[in-house]
Amino acid sequence: KILVASVIIVYLLFYVLQELIFKKHKFNEGGFVTFVHFCMFWCFSMWERHHSTPTLAESQPNVTGIFHLRNIKRKAPLPYHIMVGFFCVAGFALGTYSSILLNFPTWLMFKSARVVATMLGGILILGKRYSWLEISGVGLIFFGLVVFTLGDVSLSSVATTTVMQDGVTTTTSTIDPKTLWGIILVSLALAANAAQDNLQEKGLRQYGASENEIVVYSYGVGI
């Protein structure tokens with residue numbers, strides 16, 4: 001419970017700080033933020049991989065004349081890691097750029113709906129089957145997302161007033177292009193995140209790769 005609470009707190013602080021960087025300090029270099037994020041992830045995962053893997057002498061104590069090298073072997077094929085790395089970069093970069101275009105509540109609402117995209121990806125990629133209770137829960141999340149998005153679009157619409165020659169005044173509302181592009185980018189980010197999550201699960205099951213291996217290679221490819 002403590003670890004789960006810690007993860008929630010860390011993610012909350014991460015999103016709040018990201019919002020402050022983009023909105024308060026007017027920093028719009030989403031690509032640089034993505035690069036720094038991937039570098040930090042890769043460095044910490046490499047440190048974990050090095051210190052959590054036993055040396056050859058530790059794994060084979062009865063063998064003499066063996067060097068104290070880390071017995072680190074890649075289990076999943078390299079093309080698999082390249083594919084996961086691509087979706088990892090796409091998901092994070094598109095999500096970062098969309099946070100610049102959307103207001104924070106709308107963006108966070110989309111990010112919280114990641115489970116919807118992940119379940120759809122699980123059906124398409126892994127052939128999973130879900131219970132009616134799980135499908136109903138996802139349906140409610142999707143419904144709430146649609147209602148929230150429609151409300152945000154209506155509030156961010158640009159009103160245009162036109163005075164005709166006969167004195168008739170008409171007012172039309174158009175969707176703010178910034179908001180529209182933000183919704184498109186965050187939707188693509190969710191699709192990339194869904195592909196990433198399900199491919200990572202496939203690597204754990206099919207290739208027997210460790211979580212650390214997937215993180216190291218995915219973020220390494222991303223850099």
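Which residues make the nonpolar surface patch of about 770 Å²? Before selecting anything, bear in mind that this is a predicted model. Then pick out Phe32, Phe35, Val36, Met40, Trp42, Phe44, Met46 and Ile223, which together make that patch. Valine 36 is a convenient place to pause, since this residue belongs to helix H2, which covers residues 30-52, and it is partly exposed, with a relative accessible area of 35%.

Stay on helix H2 and select phenylalanine 38 together with tyrosine 219, whose ring centres are 4.6 Å apart and whose planes stand at 50°, so that the pair is tilted. Because phenylalanine 38 lies in helix H2 whereas tyrosine 219 lies in helix H9 (residues 211-222), the pair ties together parts that are 181 residues apart in sequence. Both phenylalanine 38 and tyrosine 219 are buried, and a wider selection shows them in one aromatic cluster with Phe14, Phe41 and Phe92.

Next, select phenylalanine 86 and phenylalanine 87, where the ring centres are 5.3 Å apart and the planes meet at 70°, so this pair is edge-to-face. Phenylalanine 86 is exposed, with a relative accessible area of 54%, while phenylalanine 87, at 24%, is partly exposed. In the structure as a whole, the count of aromatic pairs comes to six.

Now turn to the charged side chains. Side chains of opposite charge can pair when their charged atoms come close. A search of the whole structure finds three salt bridges, and one of them is formed by the side chains of arginine 114 and aspartate 197, at 2.8 Å from N to O. Since arginine 114 lies in helix H6 (residues 114-126) and aspartate 197 in helix H8 (residues 177-207), this pair ties together parts that are 83 residues apart in sequence. Arginine 114 counts as partly exposed, at 28% relative accessibility.

Move along helix H8 to glutamate 201, which forms a salt bridge with lysine 128, with the closest N and O atoms 2.8 Å apart. Lysine 128 sits in the loop between H6 and helix H7 (132-155), so its pairing with glutamate 201 of helix H8 ties together parts that are 73 residues apart in sequence. Lysine 128 is partly exposed, with a relative accessible area of 21%.

Finally, add arginine 205 to the selection, as it forms a salt bridge with glutamate 201 in which the closest N and O atoms are 2.8 Å apart. Arginine 205 and glutamate 201 are separated by about one helical turn, because they are four residues apart in helix H8. Arginine 205 is exposed, with a relative accessible area of 61%, and shared salt-bridge partners join Lys128, Glu201 and Arg205 into one network.

Conventions. Residues numbered from 1 in each chain as written. Predicted model: local features only at pLDDT ≥ 70, side-chain atom pairs only at ≥ 80, totals over all residues. Heavy atoms only, no water. Patch = residues over 30% accessible without salt bridge, like charges linked within 9 Å, V, L, I, M, F, W, Y side chains within 5 Å. Areas by Shrake-Rupley, 256 points an atom, 1.4 Å probe, with all protein chains shown as cover. Salt bridge = Lys/Arg side-chain N within 4 Å of Asp/Glu carboxyl O. Helix = DSSP H or I, 4+ residues; strand = E, 2+ residues; numbered from the N terminus. Buried < 20%, exposed > 50% of the residue type's maximum accessible area, 1.4 Å probe, protein only. Phe/Tyr/Trp six-rings, centres within 6.5 Å; stacked < 30°, edge-to-face > 60°.
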